[in-house]
Structure formats: C-alpha cells, structure tokens
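Student: Can we go through this protein together, one question at a time? I'd like to see how each answer is reasoned out.

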Amino acid sequence: MNHTITIEELKNNIALSDLPVEHLQWVLDHTEYHEYEDGTILFNTGEPALYMWIIIEGKLDFYMDINGTLVYYISFENDKASGGITGLIPHSRMKTSPGKSISVGKLRVLAMSKDHFPELEQLNSNFVQKLIGYMTERAKAFATVQLQHEKVSALGKLSAGIAHELNNPAAAIKRIASELKNRLYANYDLTSKLLSDDVSSDQLENIRTLAKEKELAQKNSLTALKRMEKEDEITDWFIANDFTALRETAETFTEFSFSTSDLENIRKDVTNSAYVDQLLWLENILISGRLIKDLEDASGRISTLVGAIKSHVHMDRTNDPQRTNIHTDIENTLTLMGYKLRDKNITVKKDLCADMPMVEAFIGELNQVWTNLIDNAIDALDKNGELTIKTSSGKKDITVYIIDNGAGIPKDIQSRIFDPFFTTKKVGQGTGIGLDIVKRIIDRHHGEIKVNSVPGRTEFVICIPVSQPKTST
C-alpha cells in the first residue's frame with residue numbers, strides 16, 4: 001500500500017487523470033512509492049520487467065542496448081506522448097529490459113507489479129486499453145528512432161570508404177597541380193630558347209600539329225617488353241646522332257607513339273642545338289597535356305563520387321514514393337563501397353536485366369537496403385571472394401539477387417536474422433538493426449525479402465512492385 005501520494009497528486013498524471021476516485025484509490029492501494037535522485041539507474045539491460053511505473057514528478061531517459069552499446073532512444077515524463085507511464089504495460093510481451101533507464105532530476109514514481117494487471121483489467125478495461133494505446137505509440141516512437149539510427153549507421157558504413165575514395169583523386173590533383181606548375185615555369189625557359197634559336201612560326205606550327213595528332217591518336221597498347229624495345233630504339237637513335245641530352249625524353253616519345261622517322265622529320269633544316277631545344281619544348285607540351293587529362297580524370301572521379309553520394313543519401317522529402325532506376329542506385333552503392341571491395345580484392349559480377357523499368361520507391365530508404373545487404377556480403381567474404389548482383393523484371397515487380405560465396409548463415413539462425421537487434425557479429429562490429437530495418441523497408445514497399453544460404457553461397461532475394469499502391473486521402 002502507499003500512503004505518501006494523495007489522490008489529488010495522482011490525478012495530475014495524464015494517463016490517470018480521468019479515472020474515478022475509487023479507481024485512483026485502488027491504484028494507490030496496489031502500488032509502491034519510490035523516490036530517486038538525479039542520475040539513479042532504475043533498471044539495467046536484461047533485468048526482469050516486473051513493474052509498470054507511474055510518473056508523479058520528474059523524467060527518466062531510456063537507453064537501448066544495441067549489441068553492447070547504449071544508445072539514447074527516448075525520454076519518459078508526465079506528458080501527452082507517454083501519459084506519464086513507462087515500464088511494463090498490460091498485454092506487453094516484454095520479459096526483460098532491453099536497455100537502461102536513468103532518472104533525470106528528482107524522480108517520484110509509483111510502481112505497480114504485473115501481478116495486479118488482471119485485477120486492474122477487471123476493474124477498468126477501458127483504462128487498460130488506454131495504456132495499450134500508449135504502448136502502441138511508444139512502439140512507433142521506438143521504430144522511428146530506430147530508423148534514424150539505422151540511417152546514421154548506413155552512412156557510417158560508407159563514411160570511411162567515401163573518405164578514402166575522395167582522398168585518392170584529391171591527392172592526385174594536388175600532385176598534378178604541383179607538376180603542372182613546374183612544367184609551366186619550364187615552358188617559359190624553353191620558349192625563350194626557341195626564340196633565341198630563331199625557330200620560325202611554320203616550324204613551331206608543324207611541331208604543334210604533330211603533337212596534336214599524337215595526343216588525339218589512340219594510345220598504343222604495347223606490352224611492357226615491346227614498350228621497352230621501342231624506348232631503347234629511340235634512346236639508341238638519340239645517342240647515335242649525338243643527342244645524349246634527349247635520352248630522358250625517350251620514355252615520353254614512346255608513350256605518345258613517336259617513331260624515329262617522326263623525330264627525324266622534326267630535325268630537318270635546324271641546327272643540332274635548336275633541335276634539342278625543340279624536342280625538349282615538345283616533350284614538355286606533351287607531358288603537360290597528359291597531366292591536364294589526368295587532372296580531368298581525377299576531378300571527374302570526385303564528381304562521380306559526389307553524384308553517387310547525393311543520389312545514395314536521398315532524402316525522402318515527401319510521403320509519396322518517387323521513380324528511381326534500381327540499377328543506378330545499386331551502382332552508386334558499389335561505387336561508395338569501392339574501397340571495401342578493393343581492400344578484400346572482391347570480384348563483383350553483375351547480371352543485370354536489360355529491361356529494368358523505373359520503380360516507385362522511397363529512394364533513401366531503399367538505398368539503405370542495398371547498403372546493408374552489400375556491406376553484410378562484403379563482411380561475410382574472405383579475401384578474393386565473389387559478390388554477384390543479379391536483377392530480373394516482370395510485368396508488375398522487379399527482383400534483385402545479392403549473392404556471396406562466403407561461409408553462409410547457419411541453418412539454425414536463418415529464421416531469426418530479420419528479428420530486431422539480432423546479430424551474429426562480435427560486440428562493436430554490428431548494430432543488429434540492419435536486417436530488421438531492411439525487412440521493414442521492404443514491407444513498406446509491399447515487397448518481400450527471402451534468404452537462401454548454404455555453405456559457400458548466400459543469396460538474398462528482394463522482390464518489390466514496380467508501382468506502389470495509391471494511398472487514400
């Protein structure tokens with residue numbers, strides 16, 4: 001029994017505010033009063049869930065235990081959202097606490113044992129239904145927070161790879177810029193020497209024309225051995241004609257498919273000194289052009305990555321699905337996971353159908369599906385593993401198969417992998433919410449996800465309709 005809280009105080013609790021006096025008195029007679037100072041732990045992960053807590057004053061924060069990590073989820077206080085009720089609620093299937101609750105400021109509560117729930121329902125079944133309503137809203141709030149955590153988790157899975165993918169072309173651009181600056185300064189000196197040599201404008205134009213032809217021509221695809229032979233041939237020609245100062249340029253002229261005949265043609269009607277200056281100038285122009293092409297490639301790589309990021313981290317700004325290209329979305333995911341794939345030297349095989357239609361989807365959510373499943377497949381694979389992405393389409397739906405040749409999922413846990421917070425990963429290696437969220441997202445798309453796994457082959461099959469049912473207004 002409880003003699004510390006008055007009926008008037010109990011009426012201030014939102015969930016109990018419209019109960020008749022006799023029922024409030026029953027509550028007082030069947031609860032125990034507790035008072036906690038700020039920062040007190042009311043219960044920990046795994047402790048039996050035995051009581052419904054009625055908040056009289058104060059607040060408590062709940063932290064969900066996700067694979068050994070406590071993550072803040074929700075606060076309970078005497079407000080409309082929770083009704084000032086927390087803990088175990090009648091008809092709840094909760095057996096143990098899924099996390100930790102900590103008081104915030106001074107907390108005053110009444111604790112009702114679950115042993116009194118049957119009598120409470122007999123006393124006032126409408127009140128119990130009201131409590132179930134709070135429990136339903138609490139589940140929705142948990143699901144919303146869980147989805148947000150999974151979005152952050154999905155981004156976290158990509159962040160390290162994205163940083164690495166961006167760093168490579170960024171470092172290349174820095175290196176190229178430095179080399180181009182050196183080449184620009186060298187060009188000043190080389191041009192001055194050409195002017196001193198009285199090289200005519202026609203001669204320079206002929207050299208420029210030849211350089212453009214070589215740049216536009218398809219690069220030779222010589223074997224390493226053949227390339228060395230060509231380079232030696234040009235080097236020997238320089239030595240034989242007493243142009244030892246040009247030996248270092250032989251590699252460049254080989255790269256751009258110059259022959260000794262090309263070099264001989266440039267030599268016509270010029271002194272040896274002027275010829276050396278012309279070839280050094282030409283070599284500098286060729287290398288500068290190549291560096292600019294490398295710069296374009298590196299900046300293009302960054303643009304591709306940024307485009308993939310923007311597309312992948314799609315914010316579903318409306319409550320309506322939008323049309324998307326599933327192949328492009330999966331390709332973007334593979335692009336962003338490129339670092340992890342290369343780190344394990346994983347071969348990606350793609351068998352994509354030619355007639356894939358545009359699909360109505362909540363794009364940001366569906367991208368989480370591809371991120372989770374591909375990331376899980378990479379984790380399941382050893383070095384030199386194989387990941388296969390296959391798609392097919394029908395009249396009303398499309399199917400995506402994500403297959404890896406890893407160790408497989410043990411048969412005794414295959415039925416549980418979509419359960420909330422279930423994980424086979426070690427503490428700190430997984431949230432355990434990935435596949436639960438994956439299934440929830442697929443369900444929201446009125447689709448289906450299945451897993452088939454044996455040692456050496458795990459296949460996730462995702463089937464979603466091309467068009468989503470129209471919601472009534």
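Student: Where is the place of Asn-284?

Tutor: Quick ground rules: this is a predicted model, where local features need pLDDT of at least 70, side-chain atom pairs count only at pLDDT 80 or more, and totals for chains, interfaces and linings use all residues. Residues are numbered from 1 along each chain as its sequence is written, and side-chain values use heavy atoms, leaving out hydrogens and water. Helices are DSSP runs of H or I with at least four residues, strands are E runs of at least two, and both are numbered from the N terminus. By that count, Asn-284 belongs to helix α9.

Student: Is Asn-284 buried or exposed?

Tutor: We go by relative accessible area: buried is under 20%, exposed is over 50%, and partly exposed is in between (1.4 Å probe, protein chains only). Asn-284 has just 3%. That is under the 20% cut-off, so Asn-284 is buried.

Student: And which residues is Asn-284 in contact with, leaving aside its neighbours within four places in sequence?

Tutor: Contact here means heavy atoms within 4.5 Å. With those sequence neighbours left out, the partners of Asn-284 are Arg-183, Ala-186, Asn-187 and Leu-190.

Student: Asp-294 is in α9 too. Is it buried, exposed or partly exposed?

Tutor: Right, Asp-294 is in helix α9, residues 272–312. Its relative accessibility is 27%, which lies between the two cut-offs, so Asp-294 counts as partly exposed.

Student: How far is the C-alpha of Asp-294 from that of Ile-173?

Tutor: Along the chain, Asp-294 and Ile-173 are 121 residues apart. In space, their C-alpha atoms are separated by 8.2 Å.

Student: What share of the contacts in the protein with a separation of 6 or more comes from residues 24 or more positions apart?

Tutor: Zoom out to the protein, with its 13 helices and 13 strands. Among contacts with a separation of 6 or more, take those between residues 24 or more positions apart. Their share is 77%.

Student: Let's try a loop. Which residues is Pro-321 in contact with, leaving aside its neighbours within four places in sequence?

Tutor: Pro-321 lies in the loop between α9 and β7 (322–324), and at 26% relative accessibility it counts as partly exposed. Its C-alpha is 9.1 Å from that of Val-359, 38 residues away in sequence. Skipping the sequence neighbours, Pro-321 touches Glu-360, Ala-361, Phe-362 and Gln-468.

Student: How do the axes of α10 and α12 cross: at what angle?

Tutor: Axes are lines fitted to C-alpha atoms, for helices over the stretch in contact, and angles run from 0 to 180 degrees between N-to-C directions. The axes of helix α10 (residues 326–336) and helix α12 (residues 363–380) come within 10 Å, and they cross at roughly 50°.

Student: What does that make α10 relative to α12?

Tutor: Under 35 degrees counts as roughly parallel, over 145 as roughly antiparallel, 65 to 115 as roughly perpendicular, and the rest as oblique. At roughly 50°, the crossing falls in "the rest", so α10 is to α12 oblique.

Student: Which residues of α12 make the contact?

Tutor: On the α10 side you'll find Ile-326, Asp-329, Ile-330, Thr-333 and Leu-334. Across from them, α12 brings Ile-363, Leu-366, Asn-367, Trp-370, Thr-371 and Ile-374.

Student: Why would residues three or four places apart point the same way?

Tutor: Think about the geometry of the coil. Residues three or four places apart point the same way because an α-helix has, per turn, a residue count of 3.6.

Student: How many residues of α12 are buried?

Tutor: α12 has 18 residues and reaches 26 Å from its first C-alpha to its last. It's mostly covered, and the number of its residues that are buried is 15.

Student: Last one: what is phi of Asp-242?

Tutor: Asp-242 lies in the loop between α6 (224–240) and α7 (250–255), and it is exposed, with a relative accessible area of 61%. Although Asp-242 is not a glycine, its phi is positive, at about 65°.

Conventions. Expected span 1.5 Å × (residues − 1).
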